[in-house]
Amino acid sequence: MSLYSKSEQLSTKGRYMSLSHIVRIVSSSMLLLLISNPLFAQAIKPSIRLMSPAAAVSQTQQSSISVSGSATTVIPLANVRWVDQFGHRGSGTWAKTAQKTTTWTAANIPLRLGVNHIAVTAVDAANGSASLYLAVIRKPVPGTPPQPAVKSGTLTWHGQTVAYQ
């Protein structure tokens with residue numbers, strides 16, 4: 001015996017479907033239609049948060065750094081990318097941890113001595129994206145001899161005086 005009256009059920013090839021089941025099917029179809037709409041996809045783009053290092057400006061003596069965080073998305077995450085001001089770039093890894101939350105890691109990002117600017121971008125399957133920016137200051141290891149200063153001077157080449165540095 002069904003909990004629904006005949007007026008609340010629809011028959012499909014001899015099987016009955018409850019109204020709540022139909023509502024779930026229609027809701028899923030509507031969500032798929034909304035997600036495929038570019039205007040809707042822009043409205044629900046992901047957000048990204050830095051977890052490690054703990055601050056957007058940090059210092060280290062290491063030659064590389066791993067950066068990690070989380071991303072909140074309605075649409076599943078499709079990519080995590082990083083880039084620095086020197087043209088280094090790479091991909092990160094990610095794992096879904098909750099219904100809308102994904103943790104990500106960008107490992108072994110190379111660092112030069114001085115300030116290193118790094119941008120990390122999370123991209124969802126609808127191509128919505130969110131970025132965060134950090135500065136990592138790489139300091140020399142104590143006891144390391146300082147790098148020699150760039151010399152400047154002049155020389156003569158093909159009868160011309162050339163200044164260099």
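Let me start with strands β6 and β7, which pair in the antiparallel sense over 3 bridges, and if you look for a specific contact in that pairing, Val83 has Arg89 as its bridge partner in β7. Please keep in mind throughout that what we have on the screen is a predicted model.

That pair belongs to an open sheet of 5 strands, which runs in the order β4-β11-β10-β6-β7 and has mixed pairing. At its edges sit β4, covering residues 57-60, and β7, covering residues 89-91, each of which pairs on one side only. Going from one strand to the next, the twist averages 25°.

Turning now to the interior, the largest nonpolar core comprises 18 residues, and within it Trp104, Ile118 and Val120 are the ones with the most contacts. At least two residues of this core come from each of β5 (64-72), β6 (77-84), β9 (101-110), β10 (114-124) and β11 (129-138), and the strand that gives the most is β11, with 4 residues.

Now to the backbone, where I would like to go through a few residues one by one. The peptide bond from Ser52 to Pro53 is cis, with omega near 0°, and Pro53 itself is found in the loop that lies between β3 (47-52) and β4.

Then there are two asparagines to look at. Asn108, which is found in strand β9, has a phi near 55°, a positive value in a residue other than glycine. Is Asn108 buried or exposed? With a relative accessibility of 57%, Asn108 counts as exposed, because the cut-off for that class is over 50%. Asn127, for its part, lies in the loop between β10 and β11, and its phi is near 70°, again a positive value in a residue other than glycine. The relative accessible area of Asn127 is 61%, so Asn127 is exposed as well.

Let me finish on the surface, with a nonpolar patch of about 300 Å² that is made by Leu155, Trp157 and Val162. Which strand holds Val162? Val162 lies in β13, which spans residues 160-164. You may ask why Val162 can take part in such a patch, and the accessibility helps here: Val162 is partly exposed, with a relative accessible area of 33%, and patches are made of residues with over 30% relative accessible area and no salt bridge, so Val162 passes the accessibility cut-off.

Note on methods
Residues numbered from 1 in each chain as written. Predicted model: local features only at pLDDT ≥ 70, side-chain atom pairs only at ≥ 80, totals over all residues. Heavy atoms only, no water. Patch = residues over 30% accessible without salt bridge, like charges linked within 9 Å, V, L, I, M, F, W, Y side chains within 5 Å. Areas by Shrake-Rupley, 256 points an atom, 1.4 Å probe, with all protein chains shown as cover. Salt bridge = Lys/Arg side-chain N within 4 Å of Asp/Glu carboxyl O. Buried < 20%, exposed > 50% of the residue type's maximum accessible area, 1.4 Å probe, protein only. Core = buried A, V, L, I, M, F, W, Y, C linked by side-chain atoms within 4.5 Å. Pairing = 2+ DSSP bridges. Axes fitted to C-alpha atoms, helices over the stretch in contact; angles between N-to-C directions.
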